[in-house]
Amino acid sequence: MRAAFYERQGTAREVLTVGELPDPQPGAGEVRVRIVVSGINPSDIKTRVGFGGKAMPFPRIVPHQDGSGVIDSVGPGVSQERIGERVWVYMAQTGRAFGTAAEFVVVPSRQAVRLADNVPFGVGASFGVPAMTAHRCLFADTNLRGKRVLVHGGAGAVGNAAILLAKWAGAWVAATVSRDEQADVARAAGADLVVNRHSGDVAVKIRSATDGHGVDRIVDVDISANIDTAIACLARDGGVSAYSTGSPQARLSIPFFPALVGGFSFRFVYVYTMPETAMRDAVEEVSACAASGAYVPKIAVTLGLDQIAEAHELQESGKAIGKILIGF
């Protein structure tokens, strides 16, 4: 099979190679998926560069956790009826050397989830890490129907997913962005209010838009930088779900008394260590949202496998608005 891989950490141009590797074969409880589209996430970049000093977990890595395609082979214990099934794949490279940046990938059967016939492969490859992260951030603690949600970074992959899922669940949603073109993406996802964080006080605008109530849930891309805004925006007994911050050395200082009086809660979400029940809930509800036609993420570009270094560089640059995909 043709695949992209690297055998040492470094820049995309230095270490990524496209070449032939043996076709993988499914073992017990596994399926093999012929990949149609592979999705790139920031965590794929972090593994490749050794973010935070983390060493390579395997001597050769085929990157990418997310993807979509068609099951073409199954291992012992998996029904032959799954062959030919359209699926989306999540966490393909978690605990394994080979991810979805290849013509074929082998994963446990449960990690190849049926993709509804009306959902394009490109959308399916955009689920995985961002959608499951967003789901956990939104639904771990509360039913969102009739609630108010603030999503920081509404044009990012997780932020975009959070807007889509929250609106599907019946919430009022505000989003912050930093550029006008990002505002268009957040509005297209369904955000009721979009605030450019560089032009005015976010908390003032949130309080004004909610008649002074504030928001019940915040999905935060950089909690260490945004903690004061969070305290100022939260409604009584509201909560923050934080899934990222600006640096691995970042520290979080929470103003104790306002948080105490407000009854605020703080949840930290790392998709790779989510409880299995949370993963199952996310898989089920993300699939249902997509099948309903409500999950239409922003896709920045789809490049070919031979352009994978360019795709990784674009992901690292932060200039792309939307999901970066590799098509086969």
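Reader: In this predicted model, does C137 count as buried or exposed, and at what relative accessibility?
Author: The model is a predicted one. Buried means under 20% relative accessible area. C137 falls under that cut-off and counts as buried, because its relative accessibility is 0%.

Reader: Which cysteine sulfur is closest to that of C137, and how far away is it?
Author: A disulfide needs two cysteine sulfur atoms within 2.5 Å. The closest cysteine sulfur to that of C137 is too far for a bond. It belongs to C289, at 15 Å.

Reader: What is the corresponding distance for C233, and to which cysteine?
Author: C233 counts as buried, at 0% relative accessibility. Its sulfur is also without a partner, because the closest cysteine sulfur is too far for a bond. That sulfur is in C137, at 17 Å.

Reader: How many disulfides does the count come to?
Author: The sulfur of C137 is too far for a bond from the closest cysteine sulfur. The sulfur of C233 is likewise too far from its closest one. By the 2.5 Å rule, the count comes to zero disulfides.

Reader: Which residues touch the most other members of the largest nonpolar core?
Author: This core has 56 residues. Elements that give two or more residues to it include β3 (30-39), α4 (128-139), β8 (148-152) and α10 (276-291). Apart from it lies another core, of 23 residues, with L16, I61, A309 and I324 among them. In the core of 56 residues, the members that touch the most others are F127, L138 and Y295.

Reader: Leaving aside neighbours within four places in sequence, which residues is F127 in contact with?
Author: F127 is one of the three residues that touch the most other members of the core. With neighbours within four places in sequence left aside, its contacts are D66, W88, L115, V119, V286, A290 and Y295.

Reader: Which residues does G124 touch, not counting those up to four places away in sequence?
Author: G124 is found in helix α3 and counts as buried, at 0% relative accessibility. Its C-alpha is 9.3 Å from that of S38, although the two are 86 residues apart in sequence. Beyond four places in sequence, G124 touches G67, S68, W88, L115 and V119.

Reader: How are α4 and α10 oriented to each other?
Author: The axes of the two helices come within 9 Å and cross at roughly 105°. Angles of 65 to 115 degrees count as roughly perpendicular. The crossing angle therefore makes α4, relative to α10, roughly perpendicular.

Reader: How do the residues of the contact of α4 with α10 divide into nonpolar, polar and charged?
Author: From α4 the contact takes A131, M132, H135, R136 and F139. From α10 it takes A278, M279, D281, A282, V283, E285 and V286. They divide into eight nonpolar, one polar and three charged.

Reader: Which elements do the buried residues of α2 pack against?
Author: Helix α2 spans residues 42-49, and its buried residues are S43, D44, I45 and R48. Just after the helix, G50 takes a positive phi of about 75°. The buried residues of α2 pack against α1 (12-15), β3 and α11 (308-317).

Reader: How are α2 and α11 oriented to each other?
Author: Their axes are 10 Å apart and the packing angle is about 105°. The contact is made by P42, I45, R48 and V49 of α2 and H312, Q315 and E316 of α11. Its residues divide into three nonpolar, two polar and two charged. Given the angle, α2 and α11 are therefore roughly perpendicular.

Reader: Is M91 buried or exposed?
Author: M91 lies in the loop between β5 (86-89) and β6 (104-108). Its phi is near 50°, a positive value in a residue other than glycine. Because its relative accessibility is 6%, M91 counts as buried.

Reader: Is D211 buried or exposed?
Author: D211 is found in the loop between α7 (202-209) and β11 (215-220). It is a residue other than glycine with a positive phi, near 55°. Because its relative accessibility is 74%, D211 counts as exposed.

Reader: Which residues is A294 in contact with, leaving aside neighbours within four places in sequence?
Author: A294 sits in the loop between α10 and β14 (299-304). At 28% relative accessibility, it counts as partly exposed. With neighbours within four places left aside, A294 is in contact with L164, W168 and C289.

Terms used:
Residues are numbered from 1 along each chain as its sequence is written. This is a predicted model: local features need pLDDT of at least 70, side-chain atom pairs count only at pLDDT 80 or more; totals for chains, interfaces and linings use all residues. Side-chain values use heavy atoms; hydrogens and water are left out. A nonpolar core is a set of buried Ala, Val, Leu, Ile, Met, Phe, Trp, Tyr and Cys residues joined through side-chain atoms within 4.5 Å. Buried means under 20% relative accessible area, exposed over 50%, partly exposed in between (1.4 Å probe, protein chains only). Helices (H or I, at least four residues) and strands (E, at least two) are DSSP runs, numbered from the N terminus. Contact means heavy atoms within 4.5 Å. Axes are lines fitted to C-alpha atoms, for helices over the stretch in contact, and angles run from 0 to 180 degrees between N-to-C directions. Angles under 35 degrees count as roughly parallel, over 145 as roughly antiparallel, 65 to 115 as roughly perpendicular and the rest as oblique. Ala, Val, Leu, Ile, Met, Phe, Trp, Tyr, Cys and Pro count as nonpolar, Asp, Glu, Lys and Arg as charged, and the others, Gly among them, as polar.
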